[in-house]
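Hello,

Here is the structure I promised to pass along. Please have a look, and then read on for my notes.

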Amino acid sequence: MQEFSEPVELTPLRIGVAGLGNVGATLVRILQKDGVELTRKLGRQIEVTAVCARSRSRDRKIDLSGVTWFDDPVALAKSDDIDLFVELIGGEDGPALAAVKAALEIGRPVVTANKALLARHGVALARLAEEAGTQLGFEAAVAGGIPVIKTLREGLGSASIARVYGIMNGTCNYILTRMGNEGISFAECLKDAQALGYAEADPTFDVEGYDTAHKLAILASLCFGCEIAPDEIFVEGITRISQADIKVAGDLGYKIKLLGLARRSADGIEQRVHPTLVPKSSAIAGVDGVLNAVALETDHVHELLLAGPGAGGPPTASSVLSDILDIARGTKVPPLGVPSAELTPYVQAPMREHEGGYYIRLNLKDVPGALAAIASRMGERGISLESVIQRPDLRVTDPAADNTQTRTVVLLTQSTMEATVRETLAQIALDGFIVGEPQLIRIETL
Ligand SMILES: NC(=O)c1ccc[n+]([C@@H]2O[C@H](COP(=O)([O-])OP(=O)(O)OC[C@H]3O[C@@H](n4cnc5c(N)ncnc54)[C@H](OP(=O)(O)O)[C@@H]3O)[C@@H](O)[C@H]2O)c1
């Protein structure tokens, strides 16, 4: 019989952890609690030998006796007392970047959960790691506890990916789920999310879609072998989603989710983050609350949906640990799936070329012929309408309306070009039959 148990190597793998917040302190706790089991699995002990954070006096509920404390993360990254550096400080520049660079420059492997850092400097850091012949792990940077990076780098073999999409921000998913289930407003849900610790005091980064865009940019690079381009993504957040939108979408068989989507098209790579109408029958529509999910459409395995907790100390630390174990086992993969020199320059497919169905909510002036005029403008541009919905109980008042009497009307179009929809809406605004900005939500067939 084959013997699988490895002889235990005498020298432990020495880990330096910079950042002892939510994720860092949880990681240290797990390493200490599960030490025996990890040694059995790895055949080698993993030991946290050095740490770094801002405050020495903060009680982090972890045992730091015998662990060297550093005030400077760069000094920790370069210290001779560690074999692997873990960055859990956060931020796209500053100490996180300086420390990760310092470790890689001396050929020391790095594990990080920092999506902002990866989105901004991922290609340069991958190049640095390759030049130094070392490893850079960032499983926790996208969708927290879901092993999507490993799936893309190692699990899918030669499969070619046509499209990737997902729910990658737990805060937005929590808010949209509660708006749908309980009929409460965006503002109320956000307040609860903040009270429960799911949303930051300043939620802009999450609710405006930028956090999802960072993660999407990293995924798109791994899926399509292109450079990471976080600034070349069409981004719309969820702050304009009203109860009327949720209810009308629901009646029509859809849920509204904040999706990040990337696909290869004839014009380049299309990357977009926006609220999306998804059929209630789709698998992703069932991913509710703070959960995340990433769907990969490939030629060999068709659609693969990975769902699970996208944030939180234990799930995120578990992904960090999975990278540590891989590096300790000697797994060697280019950080971005292919050597950085082979990444293709990013070519953005123009959003105006996007084609799909649209949900359009308008505040129509209550004058005779207004709806007919709008339908006629749509017809002139070849836009076919699938439904026209007027529900007096779902009136959305626009601040621009003043004393003008308006009706809320929702139009659902069949598949059409984004540019055509925008031009038609601009013409409708010029005709003077609507008040305020139309609400435009893309429909995705999944
Ligand atoms: N939290 C999640 O659910 C989650 C999920 C996925 C990815 N991530 C990523 O994981 C990383 C860490 O997130 P977190 O939630 O654990 O953050 P956090 O709770 O804010 O912890 C940050 C830690 O970094 C330390 N720190 C800040 N500036 C420092 C400096 N200049 N020098 C040394 N230490 C410094 C802080 O020290 P003090 O404690 O002394 O203030 C704190 O311990 C981020 O990149 C985040 O995007 C987090």
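Below is what I found, going from the whole chain to two of its residues.

This is a predicted model, in which local features need pLDDT of at least 70 and side-chain atom pairs count only at pLDDT 80 or more, while totals for chains, interfaces and linings use all residues. Residues are numbered from 1 along each chain as its sequence is written, and side-chain values use heavy atoms, with hydrogens and water left out.

The whole chain: its radius of gyration (over C-alpha atoms) is 25 Å. That agrees with the value near 22 Å for a compact globule of 446 residues, from the rule of 2.2 Å times the number of residues to the power 0.38. Along the principal axes, the C-alpha atoms fill a box of roughly 85 × 45 × 45 Å. Buried residues (under 20% relative accessible area, 1.4 Å probe, protein chains only) account for 55% of the 446.

Contacts (heavy atoms within 4.5 Å) often span the sequence: of those between residues at least 6 apart, 76% join residues at least 24 apart.

Now the first residue: I149 sits in helix α6, residues 148–155 (helices are DSSP runs of H or I, at least four residues, numbered from the N terminus). I149 counts as buried because its relative accessibility is 0%. Beyond its neighbours within four places in sequence, I149 touches F138, E139, V142, I218, L219 and L222. P335 is 186 residues from I149 in sequence, yet their C-alpha atoms are 9.5 Å apart.

The second is V290, in the loop between β10 (268–279) and β11 (291–298), where strands are DSSP runs of E, at least two residues. V290 is partly exposed (between 20% and 50%), because its relative accessible area is 31%.

Best wishes
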